[in-house]
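Opening the notebook on a new model. I'll jot down what I look up as I go.

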Amino acid sequence: MDDEQKKNYYMNRNIKLYPTYLAFTWDIFFVWTIIMLFYTNVKGLSYSQAVLLDSILYVSAFILSVPLTKLFSKVKPILSMQIAVCCTMIFLIIVIFGNSFYEFVIAEIIFSISMVVVNIKQSIILSDSLHAVKRDKEFNRIYGSGLGIYYFLDAVGAIFATYIYQFNPYLAFILAFVILIFVQLFSLLLKEPTKFQDSNLDLQQTQVKKKSVKPDSYKKILLSGFILSMLVYLFFFRGVVSIDSSMLRIYLQGLTDGGVIPVWLFGILYSGYRIANSLSSKYQFKYELKFGVRSIVLFCALAILCLVGTGVVYLINPSSILSIVLILIMSYIFASLRPPNQIFMTKYLQVCLTKKNLERGYNLKNMAEYLGYASFSSLYALLLSVFNDNFGYSNLVYIAILAVPLIISMIVFIKFLVKKYASKYTIIKAEYTED
C-alpha cells in the first residue's frame, strides 16, 4: 500500500475501534456502585471519610491539570492513554490491599492523574483520526456511540456488582483490573494518528509545523470571552449535575433502610441511571438537529425542574408508589443531561479553537468541571447534614442557591457561542456585499 492507502486504512480502523476503546477507558467498570459500601464495611472507614475521598479525587485533578497537560503535551495520545490505564490499575491495587485512609488518599491522587490524562487525550485520538480522512463531522456520532456503550455496560455492571459484592466484596475490583489488562492489549490495535501523519510530511512541512505547533499561553487563551464564558457555565452546570448519582443513591438507600424496597432492587433501579446516561449519549445528536445551541437552554431548564420536582414530591410523600415512580423518572431525566452537554462542549472547543490550543482548551474545560463538581457536591453534602439527610429540603435549597448563577452563566455563554459559531460557519454571498 502507498502512504495514502495506509493512512486511510489505519485511520478508518482507529475510527471503527474507537467506540469500544472509549467505552472501556471512560471509567472503571463495576467499582463505583459498591465503593462506598466497600470503604465503610470492608475497609472500616467512616461515611465522612468515604465522601471526603471523592472530593480529594476532584480537587487533586484540578490541581494537577496544568502540570499534567504540560508534561503530556509531547506524549502521543495512545501512549498517554496507556499510561493512564496503568495509573488506574495502580489505584485498584492500592484499594484492594490498602487498609488506612491515607493509603486510599494516595490511590485517589494516582487515579486523578489517569482521569486528567484520559479527559485530555481520549478526544484527541478520535479527532485526529477523523481529520486525517476528512470525516470531522462524524465526531459527535462516534463519540456519543462510545459513551452510550459504556453507560449501557455500566448499567449491567451496577446490577452485577451488587450481587457479587455479597458473595465477595473484592471480586468487583479484581474483575475491573482484568478488564484493564484487556484494554491495554486492545490499544495495540490502534495506530498513533500523529505519528502516522508526521511520517507523511516532507522536510519543509515539518519545519513549518515546528514553528507553529507551540500553543498559546493559558493567559492568552483565557482572554477569549468565549472560553471564559464557557468555563463559568461549565463550573455551574457541572456543579449542579454533580449530585445526579449521589442524589439517586441516597434516595434508594433511604427506601432500602426503611424496608420499602429489597436490597436486590437497589442495583436494578440504580442501573436505570446508567441506562439514561447511555441513551442520552447515543442519541445526543437529536438535540443538536432539533435545537442546535438552544439545547443548552433545555439542559439547564430540565436540571432545575427535576431538582425542584424531586424535592417537592419527596416532601409530600417519599414512600408511595406514585412518588417513587415520579422521583425515579425525574432522577433519570436529570442523569441524562450531563453526557450530551459534555459532548457538545467538546465539539464547540474543536470548532472554536485552533488545533495547537485544543489540548489546553480541553484542560481548562476539565478544570472548570472538576472545580464545579468538588464545590457543589460538598455544598450538597453540607445541606444533607444541616437537614438531617432530608432529601427534599436539600434539593430545594440546593437549586435555589444555584439556579440564578446557572441561568446567567448560560445566557452569557450562548451569546459568545453564537457569535463564535457565526464567525466560523456563516458564509456571506458576494452579491450581498455589493452596494
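**Entry 1: L279**

Which helix does L279 lie in? I looked it up: L279 lies in helix α13, residues 263-282. This is a predicted model, by the way. I checked the cover on L279 next and got 47% relative accessibility. Buried means under 20% and exposed means over 50%, so L279 goes down as partly exposed. I also took a distance from L279 to L396, which is 117 residues away along the chain. Their C-alpha atoms are separated by 27 Å.

**Entry 2: the whole protein**

I stepped back to look at the overall make-up. I find 20 helices and zero strands in the protein. The radius of gyration comes out at 22 Å, close to the 22 Å that the globule rule gives for 435 residues, so the protein is as compact as a globular protein of that length. For the box, I have the C-alpha atoms filling roughly 70 × 60 × 35 Å along the principal axes.

How much of the protein is buried? I get 53% of the 435 residues. Then I looked at contacts between residues at least 6 apart in sequence, and 83% of these join residues at least 24 apart.

On the surface side, the protein exposes about 20,100 Å². Carbon and sulfur atoms supply 67% of that area. I also tallied charged side chains: 39 positive and 24 negative. The centres of the two sets lie 4 Å apart.

**Entry 3: helix α17**

I wanted to see whether the length of α17 adds up. It covers residues 338-352, which is 15 residues. At 1.5 Å a residue these should span 21 Å, and the end C-alpha atoms are 21 Å apart, so the two agree. As for cover, 15 of the 15 residues of α17 are buried.

**Entry 4: F416 and Q184**

F416 sits in helix α19, residues 391-425. Its relative accessible area is 30%, so I have F416 as partly exposed. What does F416 touch, not counting residues up to four places away in sequence? I noted G225, F226 and S229. I also tried F416 against L190, and the two are 226 residues apart in sequence and 37 Å apart in space, C-alpha to C-alpha.

Q184 is in helix α7, residues 171-187. I get a relative accessible area of 16% for Q184, which makes it buried because the cut-off is under 20%. Leaving out residues up to four places away in sequence, Q184 touches Q82, V85, C86 and M89.

**Entry 5: two positive phi values**

Last job was backbone angles. Most residues other than glycine have a negative phi, and I wrote down two that go the other way.

F30 has a positive phi of about 75°, although F30 is not a glycine. I placed F30 in the loop between α1 (3-25) and α2 (31-42). Is F30 buried or exposed? At 14% relative accessibility, F30 counts as buried.

K134 has a phi near 55°, again positive in a residue other than glycine. Its place is in the loop between α5 (101-132) and α6 (139-167). I get a relative accessible area of 76% for K134, so that residue is exposed. My side note on the pair: F30 is buried, whereas K134 is exposed.

Methods
Residues numbered from 1 in each chain as written. Predicted model: local features only at pLDDT ≥ 70, side-chain atom pairs only at ≥ 80, totals over all residues. Heavy atoms only, no water. Helix = DSSP H or I, 4+ residues; strand = E, 2+ residues; numbered from the N terminus. Expected span 1.5 Å × (residues − 1). Buried < 20%, exposed > 50% of the residue type's maximum accessible area, 1.4 Å probe, protein only. Rg over C-alpha atoms; globule rule 2.2 N^0.38 Å. Contact = heavy atoms within 4.5 Å. Areas by Shrake-Rupley, 256 points an atom, 1.4 Å probe, with all protein chains shown as cover. Lys, Arg positive; Asp, Glu negative; His and termini not counted. Charge placed at Lys NZ, Arg CZ, Asp CG, Glu CD.
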